[in-house]
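These are my notes from a first pass through an unfamiliar chain. I wrote each entry down in the order in which I looked things up.

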Amino acid sequence: MAGEEVAQGSCGESGGNCMQEGQKIRQLKDGRIFIFDPALRAWKLQKEQLSGTQSEAVQLALPWSQFNVTFEGEFQIAGIPILTGADPARRHLSSQEHADTGTSIWDGTVALSKVIEQNPKLVRGQHVLELGAGRGVAGLAAAAAGAKHVVITDLAYCTQALKHAAQLTEGASPGLSGVVEVAELDWGKASKFLDSRPDERFGVLLAADVVWLRDLVPVLVSAIGAIAHRNPGIEVLFVHQTRSSSVEMAFLEAMAAQGFELRWDLPGGAAIEASSGVAWHSDFV
């Protein structure tokens, strides 16, 4: 993990920017310090990165979760608890793929899940595909919100935890039985996944916090393009926490080059509404 919590009520190294007692503070390995502003419901930069830090380090700085939620029955979508089970063991560093971020639950998937709960029309009655599902929270939320069929996908090392989460959630809500399916989908081998189910069509594609590494942008966008080619008219719903503006811009430019049109967007940090009428959940902005 590239970010770490610092003690609440601490001061900056110079002693000039003291934090108030009770404030939420994050310090990243590149030296940046963020303070959570409850009025804006957003993290504000308090201290710049250390001089000489490589820009790539900023890109890889993944802060701890802003949303203090658990997945043992407390976090619910449409009254259905989303359960994930215990955190899976981390593989040895030599075996990890991009730090095995799929073993964690990121803020983007929590925010997307609550957007879906508030706006079930986004997925109701649809065949939904989730990319880079990690622990499967957003896909399970889509099922709870009324999707007809949900396929949650990620790399092979994630599938066991995904199946466990699906089983736990279905066990708590028998009405979801048979709705959720887990499958392996490597973005670099999207055709393998698509060819394995030639007659299946998806109406919605979900992804949360998958845009963070520049090297992954081309392969991700290529996979989305292949899926869209097989599923004309598919709606693509992305939520992510911006960690590198250059990576975000590269993703948007690559999507435009593939022929995708940005129909609406919903900036974070404020309780606002998109032109589509979709809004953030007030507690998860």
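Which residues point one way from β10, which point the other way, and are they buried or exposed? I kept in mind while looking that this is a predicted model. Val204, Leu206 and Ala208 point one way from the strand, Leu205 and Ala207 point the other way, and all of them are buried. The alternation is what I would look for, since in a regular strand the side chains alternate between the two faces of the sheet. As a whole, β10 is mostly covered, with five of its five residues buried.

Entry on the neighbours of β10. I looked up the pairing next and found that strand β7, residues 127-131, is joined to β10 by four bridges, the two running parallel. One pair I noted is Val128 with its bridge partner Val204 in β10. β10 also pairs with β11 in the parallel sense, here over five bridges, and Ala207 stands opposite Phe238 of β11. Following the chain, I recorded that β10, α6 and β11 make a right-handed β-α-β unit.

Entry on the cores. The largest nonpolar core has 47 residues, and Phe75, Ile82, Val123, Val128, Ala142, Val150 and Leu206 are those with the most contacts inside it. Among the elements that each supply at least two residues of this core are α2 (107-118), α3 (137-144), β8 (149-154) and β10 (204-208). α3 gives the most to this core, with seven residues. I also found a second, separate core of 28 residues, which includes Leu129, Trp187, Leu205 and Leu216. Leu206 is thus listed in the largest core, while Leu205 is listed in the second one, and I had already noted that these two residues point opposite ways from β10. As background, I wrote down that in soluble globular proteins nonpolar side chains tend to be buried together.

Entry on α3. I checked how much of this helix is covered, and eight of its eight residues are buried; Val137, Gly139 and Leu140 are among them. For Ala142 I set aside the neighbours within four places in sequence, and the contacts that remain are with Ile116, Val123, Val128, Ala147, Val150 and Leu206. Just after the helix, Gly146 takes a positive phi of about 115°.

Entry on Glu200. This residue lies in the loop between α5 (190-195) and β10, and I wanted to know whether the loop leaves it buried or exposed. Glu200 has a relative accessible area of 17%, so it counts as buried, the cut-off being under 20%. Its side chain makes polar contacts with the side chain of His149 at 3.1 Å and with that of Arg197 at 2.8 Å. Not counting residues up to four places away in sequence, Glu200 touches His127, His149, Val151 and Asn231.

Entry on Ala226. My last stop was helix α6, residues 217-230, where Ala226 has its place. Ala226 is partly exposed because its relative accessible area is 29%, which falls between the 20% and 50% limits. Leaving aside neighbours within four places in sequence, I found Ala226 in contact with Ala190 and Leu194. The C-alpha atoms of Ala226 and Ser191 are separated by 7.2 Å, although the two residues are 35 residues apart along the chain.

Technical notes
Residues numbered from 1 in each chain as written. Predicted model: local features only at pLDDT ≥ 70, side-chain atom pairs only at ≥ 80, totals over all residues. Heavy atoms only, no water. Core = buried A, V, L, I, M, F, W, Y, C linked by side-chain atoms within 4.5 Å. Buried < 20%, exposed > 50% of the residue type's maximum accessible area, 1.4 Å probe, protein only. Contact = heavy atoms within 4.5 Å. Polar contact = N/O pair within 3.5 Å; in protein donor to acceptor, adjacent residues only side chain to side chain. Pairing = 2+ DSSP bridges. Right-handed = clockwise from strand over helix to strand, strands pointing away.
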